[in-house]
Amino acid sequence: MGIPDISNTYRTATRDRPLLAIRVRPSAGNPRRGWLTAAGWTIPVALGRGGIKANKREGDGGTPRGVFRPRRLWWRADRHVRPRTHLAVRPIRPEDAWCEDPADRHYNRAIRLARGRAGDRLTREDHLYDFIVEIDHNTRPRIAGRGSAVFLHLARANFSPTAGCVSMTRSAMLRLLRRMGPRTRIVIG
């Protein structure tokens, strides 16, 4: 008996497979900045103004501690070509927003806003939300006041703190997106 032939046709190179995990940790001496490590490379990131918090609350500026999964990528199709990724992808439309009101039944969910209505719109004049990785923080179950709109997104030029998200440069985001899939664990803390 011989060894059966195994086709190489559908093998995926290790460099193209989705990552099993990425880790985000605070930098020494500055809890508002940190490091994201994945597949042997490390990039600087900005964290929430409240640092990493185990007990995240709405408006506290903290980046939640825990293990999360990416849900989908939102991207500005009017500014960039569709990035390569293993995630589900959705272009951002002008009416797309995120509900951050704990009293609203749509809390911590994507919503559509009519013109003139208030809300955290995903179409911004700056480029922070040109690429947004939605993560499953406070989704199952959704608990009012436990934090909303926690994303991976682009950083400001000076890496100033976020309202609770993890932000990075555009080149780092595109590199990460190529290797991120729906089963990738995002370990924060």
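Let me begin with a small piece of the fold, where three strands make up an open sheet in the order β10-β9-β11, with antiparallel pairing. At the edges of this sheet are β10, residues 110-112, and β11, each of which pairs on one side only. Please keep in mind throughout that we are looking at a predicted model.

Within this sheet, strand β9, which covers residues 96-98, is joined to β10 by three bridges, and the two run antiparallel. If you would like one position to find on the screen, take Ala97, whose bridge partner in β10 is Ile111. As a general reminder, the strands of a sheet pair through backbone hydrogen bonds, and they do so either parallel or antiparallel.

Both of those senses appear around strand β15, to which I turn now. Strand β1, residues 21-27, pairs with β15, residues 185-188, in the parallel sense, and four bridges hold that pairing; here Ala21 stands opposite Arg185. Strand β6, residues 66-68, also pairs with β15, but in the antiparallel sense and over three bridges, and in that pairing Phe68 has Ile186 as its bridge partner.

Next, the charged side chains. How many salt bridges does the model contain? The count comes to nine, and I will go through three of them with some care.

One of them is formed by Arg72 and Glu134, whose closest N and O atoms are 2.8 Å apart. This pair links distant parts of the chain, since Arg72 sits in strand β7, residues 70-75, while Glu134 sits in strand β12, residues 131-135, and the two are 62 residues apart. Are these two partners buried or exposed? Glu134 counts as buried because its relative accessibility is 4%, which is under the 20% cut-off, whereas Arg72, at 27%, counts as partly exposed.

Another salt bridge is the one between Asp130 and Arg79, with the closest N and O atoms 2.6 Å apart. Asp130 belongs to the loop between β11, 120-121, and β12, and Arg79 to the loop between β7 and β8, 89-91, so this pair ties together parts of the chain that lie 51 residues apart in sequence. As for their surroundings, Asp130 is buried, at 1% relative accessibility, while Arg79, with a relative accessible area of 27%, is partly exposed.

The remaining one I want to show is between Arg93 and Asp96, where the closest N and O atoms are 3.3 Å apart. Arg93 is partly exposed at 27% relative accessibility, and Asp96 is buried at 2%. Which residues are joined with them into one network? Through salt bridges that share partners, Arg90, Arg93, Glu95 and Asp96 form a single network. Asp96 also brings us back to where I began, as strand β9 comprises residues 96-98.

Finally, a few words on the largest pocket, which has a volume of about 300 Å³. Its lining consists of 22 residues, and those nearest the centre of the pocket are Glu100, Tyr129, Ala149, Ala163 and Gly164. What kinds of residue make up this lining? It divides into seven nonpolar, seven polar and eight charged residues.

To close, I would ask you to take two things from the model: strand β15 pairs with β1 in the parallel sense and with β6 in the antiparallel sense, and the salt bridge between Arg72 and Glu134 links parts of the chain that are 62 residues apart.

Note on methods: Residues numbered from 1 in each chain as written. Predicted model: local features only at pLDDT ≥ 70, side-chain atom pairs only at ≥ 80, totals over all residues. Heavy atoms only, no water. Pairing = 2+ DSSP bridges. Salt bridge = Lys/Arg side-chain N within 4 Å of Asp/Glu carboxyl O. Buried < 20%, exposed > 50% of the residue type's maximum accessible area, 1.4 Å probe, protein only. 1 Å grid on protein atoms, 1.4 Å probe; cavity = no way out; pocket = protein on both sides within 12 Å on 5 of 7 lines; lining within 4 Å. Points joined across faces, edges and corners; volume = space filled by probe spheres on them. Nonpolar A, V, L, I, M, F, W, Y, C, P; charged D, E, K, R; others polar.
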